[in-house]
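Colleague: Could you walk me through this one? I'd like to hear how the pieces hold on to each other.

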Amino acid sequence: MLAIKDAQQLAKLAQPEAAQEAAKYAAAYQAKVNKVVRTGNKEVAQVVDASIDDARADLVKFVKEATKQAPAGSEAFVSAFKTAFESSLQQCDQVRATATDAFANFEKNVDAALANIQG
């Protein structure tokens, strides 16, 4: 449509064959956009998931090393620390679940937006 320079070209575009061709082109373009969005969404989700796994593993390693070298008589403190640490690990799992939900909702929103465009 951006290439239209006169009324004659606009009349050709308004013909059913031209409209069908434009609809096919738009549908193909929409399919490409959908594929790009889904691929990008999956890649971002994988990076977030891997980052959470790495952070969790680093924290577990740090806590094991730190509590292993705790001085005698600090058992109560170590126990409280481990309880707080376990709670933080649960927060990592909640972040993962929230991220997963966000990516799923993003895909649903893209699907809805593309369906509106088709409609």
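**Salt bridges and surface**

Modeller: Let's start with arginine 56 and aspartate 93, whose side chains form a salt bridge at 2.6 Å, N to O (a side-chain nitrogen of Lys or Arg within 4 Å of a carboxyl oxygen of Asp or Glu). Keep in mind that this is a predicted model, where local features need pLDDT of at least 70, side-chain atom pairs count only at pLDDT 80 or more, and totals for chains, interfaces and linings use all residues. Residues are numbered from 1 along each chain as its sequence is written, and side-chain values use heavy atoms, with hydrogens and water left out.

Colleague: Which parts does the pair of arginine 56 and aspartate 93 tie together?

Modeller: The two residues are 37 positions apart in sequence. Aspartate 93 belongs to helix 3 and arginine 56 to helix 2, so the pair links helix 2 and helix 3 (helices are DSSP runs of H or I, at least four residues, and strands are runs of E, at least two, numbered from the N terminus).

Colleague: Is arginine 56 buried or exposed, or in between?

Modeller: Buried means under 20% relative accessible area, exposed over 50%, and partly exposed in between, with a 1.4 Å probe and protein chains only. Arginine 56 has 26%, so the label is partly exposed.

Colleague: What network do salt bridges that share partners make?

Modeller: Arginine 96 meets aspartate 49 at 2.2 Å, N to O. That pair ties together helix 3 and helix 2, 47 residues apart in sequence. Arginine 96 also meets aspartate 53 at 2.6 Å, N to O. Sharing partners, the salt bridges join one network: Asp49, Asp53 and Arg96.

Colleague: How many salt bridges does the count come to?

Modeller: The bridge between arginine 56 and aspartate 93 is one of them, and the bridge between arginine 96 and aspartate 53 is among them too. By this rule the count is 4.

Colleague: What pattern does the protein follow along the sequence?

Modeller: There are 3 helices and 0 strands. Read along the sequence, that gives α-α-α.

Colleague: How much of the protein is made up of buried residues?

Modeller: The protein has 119 residues. Phenylalanine 77, at 60% relative accessible area, is exposed and so is not among the buried ones. Valine 95 has 47%, so partly exposed is the label there. Buried residues make up 13%.
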